[in-house]
Number of protein chains: 2
Amino acid sequence: MSFELTILGCNSAIPTNHRKPTAQLLNIGEQFFLIDCGEGTQLQLRKYKIKMQSIQHIFISHLHGDHYFGLIGFISTMHLLGRVKELNIYAPSELKEIIYIQLAASKTELRFPLFFHEFGFDEPELLMENNELIVQTIPLNHSLPCCGFLFKEKLKPRRMRKEKIQEFNISPEFIPSIKAGGDYILNDGTVLSHIELTRGAQLPRSFAFCSDTKYYEKIIPQISGTDMLYHEATFLDELKERANQTFHSTAKDAATIALKSNVGKLIIGHYSQRYYDLNPLLFEARSIFSETYLALEGEKFDVKRKYDPDS
Amino acid sequence: MSFELTILGCNSAIPTNHRKPTAQLLNIGEQFFLIDCGEGTQLQLRKYKIKMQSIQHIFISHLHGDHYFGLIGFISTMHLLGRVKELNIYAPSELKEIIYIQLAASKTELRFPLFFHEFGFDEPELLMENNELIVQTIPLNHSLPCCGFLFKEKLKPRRMRKEKIQEFNISPEFIPSIKAGGDYILNDGTVLSHIELTRGAQLPRSFAFCSDTKYYEKIIPQISGTDMLYHEATFLDELKERANQTFHSTAKDAATIALKSNVGKLIIGHYSQRYYDLNPLLFEARSIFSETYLALEGEKFDVKRKYDPDS
């Protein structure tokens with residue numbers, strides 16, 4: 001099952017033609033999640049050949065325009081293309097009125113159900129849950145109320161050893177209970193442990209999206225051990241003071257959070273427009289956390305499947 | 001003095017990466033007017049190296065999103081870049097609240113004066129006037145209240161013949177009155193007609209922007225004789241019924257209006273996304289009005305200076 005992030009925009013507030021404002025697409029087993037939606041996101045989705053209609057959940061971290069100005073255009077295009085599937089938007093509460101006032105101005109009555117789900121900014125909240133995964137907020141520390149988002153797969157059952165099914169002629173109706181941890185008793189009374197009959201389960205994968213925020217250690221317990229962390233890195237550390245004033249992070253900050261959270265890999269982005277060459281940001285972060293990568297338009301990052309060791 | 005139009009976006013409601021939504025920039029003697037502002041207009045301005053800060057007047061025809069969704073991003077970027085110069089927006093009245101609700105959500109207090117000027121949709125209204133030009137609304141016939149815009153240079157004075165200044169040793173303080181039509185009297189009492197001393201004046205140039213509208217002959221008297229007409233041409237005439245239903249025009253409609261209005265040249269645009277190849281639209285229009293051109297991203301169209309014949 002895929003677990004893949006596509007960068008659609010990576011710049012901070014002022015976009016350029018090569019660095020659009022923040023937007024990312026997360027594909028977890030063909031469930032598509034759009035995270036932030038800066039101006040022009042609908043064209044970025046088109047450019048990278050992502051089926052817009054397949055997106056059913058959009059997460060907006062906060063209401064600085066570079067994180068949501070593209071949402072009304074996305075919704076309008078979905079409407080014009082005849083969408084009927086519901087669309088869920090998880091966002092600060094004011095966004096609902098901003099969208100509806102614009103739909104009203106054009107006398108647009110959407111043909112698809114649009115659901116807004118608002119969230120608070122004090123404690124992590126569960127935003128959505130289905131059979132495969134959960135999504136939580138990550139309260140951040142920015143100049144506007146702002147949350148990141150944590151996507152976590154659920155624990156999966158152990159996997160049957162096919163050779164054991166044949167060896168003991170195990171009937172299919174017993175397989176779910178064995179995978180769930182039940183033992184199997186042969187006709188002669190022999191008890192076979194589920195450990196012997198199965199292999200280690202696929203481990204839950206996770207992605208944490210943290211933008212925008214100043215250096216904020218309070219998030220560490222929640223994102224600890226996350227496979228993939230996106231953390232904003234607007235400035236180099238030489239502009240630490242500017243970062244503090246504007247409630248943003250430096251590349252060093254992002255890498256320190258990654259290190260202290262023991263994440264698998266770190267992706268940095270939300271670059272200030274002052275940086276034409278992004279390598280200094282990358283080098284600064286890598287000097288602290290070597291598994292750091294630059295968010296660049298169209299780049300993909302995935303988390304490979306991992307399994308519990310057979311035991 | 002320049003009189004030049006740059007196409008920033010030419011498509012109808014659903015944008016593509018090669019055909020952005022409607023936006024045009026008119027440069028009249030280094031006064032820059034932005035006409036409509038679809039999503040991504042700020043990046044189009046950047047792409048075509050137009051100084052955003054030089055724009056002081058923005059005209060929004062109506063509140064379908066493909067004509068204004070880029071405005072909030074443009075305003076935000078101007079603010080972040082430290083703009084102090086005032087910005088005037090001429091638009092349907094609801095736009096003011098749409099912009100301010102978004103500025104409030106991000107707690108943005110603009111550093112520059114932002115003035116909204118609303119207009120009605122029944123009769124042509126004067127929107128702005130300065131020493132060089134006037135701008136009027138052109139009420140159109142669309143599914144939402146909508147106006148086009150007519151930009152007209154003012155009549156300029158006749159131009160002095162330099163050789164006459166030397167011949168009669170005319171002192172500079174008399175020149176404005178001669179150019180304005182006053183005669184000049186020599187010391188010996190001889191009266192020199194201003195016609196003899198001057199050459200024909202530069203004729204006022206004009207541009208009419210008409211999008212979105214169905215075929216609407218009521219605009220003809222107002223745009224009659226305009227040097228350059230932009231008229232939407234969303235469909236081919238074979239989709240005339242669809243054009244009527246959606247209050248849009250066909251290429252044939254646009255060309256017929258151009259012909260009946262006796263304009264200098266016609267630019268068509270606002271193409272339906274169903275047309276990959278735009279030549280059929282061009283050919284249909286040219287079969288009626290030969291001086292037709294396609295609006296394409298980055299294309300420039302100008303109106304050359306013309307003079308009253310010397311008389």
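Two residues are in contact if their C-beta atoms, placed from the backbone, lie within 7 Å. By that rule, chain A puts 30 residues into the contact and chain B puts in 30 residues.

This is a predicted model: local features need pLDDT of at least 70, side-chain atom pairs count only at pLDDT 80 or more, and totals for chains, interfaces and linings use all residues. Residues are numbered from 1 along each chain as its sequence is written, while chains are lettered from A and ligands numbered from 1 in the order in which they are written.

**The contact side of chain A**

Helices (H or I, at least four residues) and strands (E, at least two) are DSSP runs, numbered from the N terminus. Helix H1 (41-47), helix H2 (71-80) and helix H3 (94-105) of chain A are the elements that give two or more residues to the side touching chain B. H3(A) supplies the largest share, six residues. Sorted by class, this side of chain A has 13 nonpolar, eleven polar and six charged residues. Here Ala, Val, Leu, Ile, Met, Phe, Trp, Tyr, Cys and Pro count as nonpolar, Asp, Glu, Lys and Arg as charged, and the others, Gly among them, as polar.

**How the copies are related**

A turn of 180° and a shift of 0.0 Å along the axis lay chain A on chain B with an RMSD of 0.0 Å. The two copies are thus related as by a two-fold rotation axis. The same surface serves both copies, as 100% of the contact residues of chain A recur in chain B. The superposition is by least squares on the C-alpha atoms of residues with pLDDT of at least 70 in both copies. Of the residues of chain A, A:Gly40 comes closest to the rotation axis, at 2.9 Å (C-alpha).

**Domains**

Chain A is divided into domain 1 (3-156 + 201-302) and domain 2 (159-199). The bounds come from an automatic or database domain assignment. Taken over C-alpha atoms, the centres of these two domains of chain A are 43 Å apart.

**Backbone features**

A cis peptide bond joins A:Ser211 and A:Asp212, with omega about 0°. A:Asp212 sits in the loop between strand E14 (206-210) and helix H7 (220-223) of chain A. In chain B, the bond from B:Ser211 to B:Asp212 is also cis, with omega near 0°.

Two residues that are not glycine have a positive phi. A residue is buried if 20 or more other C-beta atoms lie within 10 Å of its own, exposed if 12 or fewer, and partly exposed in between, with C-beta atoms placed from the backbone.

| Residue | Phi | Place | C-beta neighbours inside 10 Å |
|---|---|---|---|
| B:Asp36 | about 60° | strand E3 (residues 31-37) of chain B | 28, buried |
| B:Lys107 | about 50° | loop between helix H3 (94-105) and strand E6 (114-118) of chain B | 10, exposed |
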